[in-house]
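Colleague: I've got the chain open on my screen and would like to go through it with you. Mind if I fire off some questions?

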Amino acid sequence: MKYLQLKFNVEASKDVSVNIMQMNPRFVINISGANTYLSQATLLLNDLSTFEGDISEGKTKNLILLFEVDKSELKSIESLDLSVTMGENIYNVALE
């Protein structure tokens, strides 16, 4: 197994106070349409799944998600899909 780190630049269009952990999200990636993995909770201050803080208008926070995945899948990733579940809602996130 190896860690796969996804990096996100979160920019605010207005001053906001954010508490992601309070929303109880579940982050899942799908690699090449085959296997899915849940994000790993960390104590890192820049962990997207537990981020709590303020973001000023026009400012960017660099946040991450960590996934423990089978190392053989990292050799040839054809596609990477991220979905976020919050309560009854599922959101698909386009990754660039």
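Colleague: Let's start with a pair of residues. Which residue in S6 does Gln5 stand opposite?

Modeller: Bear in mind that this is a predicted model. Strand S1 covers 2-11, and S1 is joined to strand S6, residues 60-69, by 10 bridges. The two run antiparallel. Across from Gln5 in S6 you'll find Leu66.

Colleague: OK, zooming out a bit. How many helices and how many strands are there in the chain?

Modeller: Read from the N terminus, the elements go β-β-β-β-β-β-β-β. The C-alpha trace spans about 40 × 25 × 25 Å along its principal axes. The count for the chain is 0 helices and 8 strands.

Colleague: And the sheet: in what order do its strands sit, and which are the edge strands?

Modeller: The sheet is open, made of 6 strands, with antiparallel pairing. Its order is S1-S6-S4-S3-S7-S8. From one strand to the next the twist averages 30 degrees. A strand that pairs on one side only sits at the edge, and that describes S1 (2-11) and S8 (89-93).

Colleague: Let me look inside the sheet, then. What is the bridge partner of Phe27 in S7?

Modeller: Strand S3 takes in residues 26-31, and 6 bridges join S3 to S7 in the antiparallel sense. S7 itself covers residues 80-86. In S7, Phe27 is partnered by Val84.

Colleague: There's a serine in that strand as well. Is Ser83 buried or exposed?

Modeller: Ser83 belongs to strand S7. Leaving out residues up to four places away in sequence, Ser83 touches Arg26, Phe27, Val28, Ile90, Tyr91 and Asn92. Its relative accessibility is 19%, and buried means under 20%, so Ser83 counts as buried.

Colleague: Now the other serine, Ser39. Which residue in S6 stands opposite Ser39?

Modeller: Ser39 lies in strand S4. S4, residues 35-40, pairs with S6 in the antiparallel sense over 2 bridges. Beyond its neighbours within four places in sequence, Ser39 is in contact with Phe27, Leu65, Leu66 and Phe67. The one standing opposite Ser39 in S6 is Phe67.

Colleague: And why does Ser39 count as buried?

Modeller: The cut-off for buried is under 20% relative accessible area. Ser39 counts as buried because its relative accessibility is 19%.

Colleague: How much of the chain is buried, then?

Modeller: The chain has 96 residues. Among contacts with a separation of 6 or more, 72% come from residues 24 or more positions apart. As for burial, the buried share of the residues is 33%.

Colleague: On to pockets. Which strands each supply at least two residues of the lining of the largest pocket?

Modeller: The lining includes Phe8, Asn9 and Val10, and S1 runs 2-11. Leu82, Val84 and Met86 are also among the lining residues, and S7 spans residues 80-86. The strands that each supply at least two are S1 and S7.

Colleague: How do the residues of that lining divide into nonpolar, polar and charged?

Modeller: The pocket has a volume of about 210 Å³. Besides the residues I've named, its lining includes Ile20, Met23, Pro25, Phe27, Leu48 and Val93. By class, the lining divides into 11 nonpolar, 1 polar and no charged.

Notes. Residues are numbered from 1 along each chain as its sequence is written. This is a predicted model: local features need pLDDT of at least 70, side-chain atom pairs count only at pLDDT 80 or more; totals for chains, interfaces and linings use all residues. Side-chain values use heavy atoms; hydrogens and water are left out. Helices (H or I, at least four residues) and strands (E, at least two) are DSSP runs, numbered from the N terminus. Buried means under 20% relative accessible area, exposed over 50%, partly exposed in between (1.4 Å probe, protein chains only). Contact means heavy atoms within 4.5 Å. Two strands pair if DSSP finds at least two bridges between them. Axes are lines fitted to C-alpha atoms, for helices over the stretch in contact, and angles run from 0 to 180 degrees between N-to-C directions. On a 1 Å grid over the protein atoms alone, a cavity is a set of points where a 1.4 Å probe fits but cannot get out, and a pocket is an open set with protein on both sides within 12 Å along at least five of seven lines; lining residues have an atom within 4 Å of a point. Grid points are joined across faces, edges and corners, and a volume is the space filled by probe spheres set on the points. Ala, Val, Leu, Ile, Met, Phe, Trp, Tyr, Cys and Pro count as nonpolar, Asp, Glu, Lys and Arg as charged, and the others, Gly among them, as polar.
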